[in-house]
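Please load the model in your viewer, with the sequence panel open beside it, and follow the selections below in order.

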Amino acid sequence: MFSARRRAGAVGLATVGGFAVAVQSRINGELGARLGDGLAAAVVSFGLGLLVLSVLVPATRGGRRGLRALRDALTSGTLRPWQCLGGACGAFLVFTQGATVGALGVAVFTVAVVAGQSGSSLAVDHAGIGVGGRQPVTAARLGGAVLTVAAVLLAVGDRLGQPATVGLAVLPLLAGVGVAWQQAVNGRVRMVSGSTLTATLVNFTVGTVVLLVAFGVSLALRGGPPGSLPSEPWLYLGGLIGVAFIAVAAAVVHFTGVLLLGLATIAGQVVGAVLLDVLLPTAASRPDGTTLLGALLTLVAVAIAALGGRVAGRGDR
């Protein structure tokens with residue numbers, strides 16, 4: 001058993017990471033709006049993250065050792081190739097940031113991701129895909145997942161008469177479903193390689209390849225490039241934030257499990273999203289009462305699931 005202090009520290013890091021994801025969503029959403037292409041924004045974000053990791057991993061002893069361990073694990077069958085594909089889900093999440101945040105606002109986008117992530121975390125933990133093995137589906141955890149879905153409906157309730165907006169909210173909902181699986185398999189890559197940097201590099205390599213293929217198809221169908229790259233440096237920080245978040249998630253999932261990691265990042269995302277939309281509102285964010293109530297309901301759902309998981313854990317010992 002891990003000490004309570006170590007687990008609390010891991011949860012704290014995950015919460016800060018979730019806050020950073022909300023900031024990343026705003027950055028990538030703005031970049032997508034400037035380029036007029038959410039897919040192009042995702043390629044830029046993931047590509048810059050991969051560039052940093054491609055320099056950093058070979059330059060560190062732990063990174064080189066992790067690459068050798070990863071190769072040996074794949075060769076021996078300890079790690080399956082499909083377990084290295086978590087970056088594909090991350091690529092889809094970053095694409096949805098660039099494609100939908102400009103229209104939905106950070107808060108609605110985040111609540112939609114949360115709904116998908118919480119439900120998927122239950123399934124991933126129950127299936128034992130993560131490094132912590134199988135986790136039971138308790139009534140509290142299930143209730144928390146249902147509440148997060150209700151939160152999404154509440155957050156976009158004032159826009160149910162706008163099919164285009166509701167359709168956009170489905171994209172981050174699906175991205176959230178993939179986030180839990182991504183965290184689980186990235187944690188497994190981290191475990192067999194013994195290197196957080198190596199697991200993060202695998203994630204960004206796969207995600208960048210997926211995005212480049214999709215972008216190439218998009219260019220072929222559209223027949224023209226996106227808008228010119230903006231000059232503001234802050235619009236290119238999304239990739240670095242993504243590197244930090246994936247590294248933190250891969251490092252702490254062993255201590256928290258997929259569900260608790262998801263809950264902690266959800267709390268950080270919701271608080272960060274609401275603060276961004278309230279303090280730095282955009283034309284699309286419109287942080288009205290229903291959006292704020294939906295965010296509050298999400299935090300309540302997180303608390304219910306977290307406390308329920310803790311009580312169940314005490315009963316199991």
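Begin by selecting Ser-218 together with Leu-39 and Gly-223, since, once neighbours within four places in sequence are left aside, these are the residues with which Ser-218 is in contact. Bear in mind throughout that this is a predicted model. Ser-218 is found in helix α8, and its relative accessible area of 18% falls under the 20% cut-off, which means that Ser-218 counts as buried.

Next, turn to the internal cavities, of which there are three with a volume of 30 Å³ or more. The largest cavity has a volume of about 120 Å³, and to find it you can select Gln-24, Leu-93, Val-94, Phe-245 and Ile-246, which lie nearest its centre among the 13 residues of its lining. Colouring by helix is useful here, as the elements that give two or more residues to this lining are α1 (4-35), α2 (38-59), α4 (86-104), α8 (196-222) and α9 (238-279). If you colour by residue class instead, the lining of the largest cavity shows seven nonpolar and six polar residues, with no charged residues.

From the cavity, keep α4 selected and hide the rest. This helix has 19 residues and reaches 26 Å from its first C-alpha to its last, close to the 27 Å expected at 1.5 Å a residue. Centre the view on Gly-98, where α4 bends by about 35°. Finally, step to Gly-105, the residue that follows α4, and check its backbone: phi there is positive, near 90°.

Technical notes. Residues are numbered from 1 along each chain as its sequence is written. This is a predicted model: local features need pLDDT of at least 70, side-chain atom pairs count only at pLDDT 80 or more; totals for chains, interfaces and linings use all residues. Side-chain values use heavy atoms; hydrogens and water are left out. On a 1 Å grid over the protein atoms alone, a cavity is a set of points where a 1.4 Å probe fits but cannot get out, and a pocket is an open set with protein on both sides within 12 Å along at least five of seven lines; lining residues have an atom within 4 Å of a point. Grid points are joined across faces, edges and corners, and a volume is the space filled by probe spheres set on the points. Helices (H or I, at least four residues) and strands (E, at least two) are DSSP runs, numbered from the N terminus. Ala, Val, Leu, Ile, Met, Phe, Trp, Tyr, Cys and Pro count as nonpolar, Asp, Glu, Lys and Arg as charged, and the others, Gly among them, as polar. The expected span of a helix is 1.5 Å times one less than its number of residues. The bend at a residue is the angle between axes fitted to the seven residues ending there and the seven starting there. Buried means under 20% relative accessible area, exposed over 50%, partly exposed in between (1.4 Å probe, protein chains only). Contact means heavy atoms within 4.5 Å.
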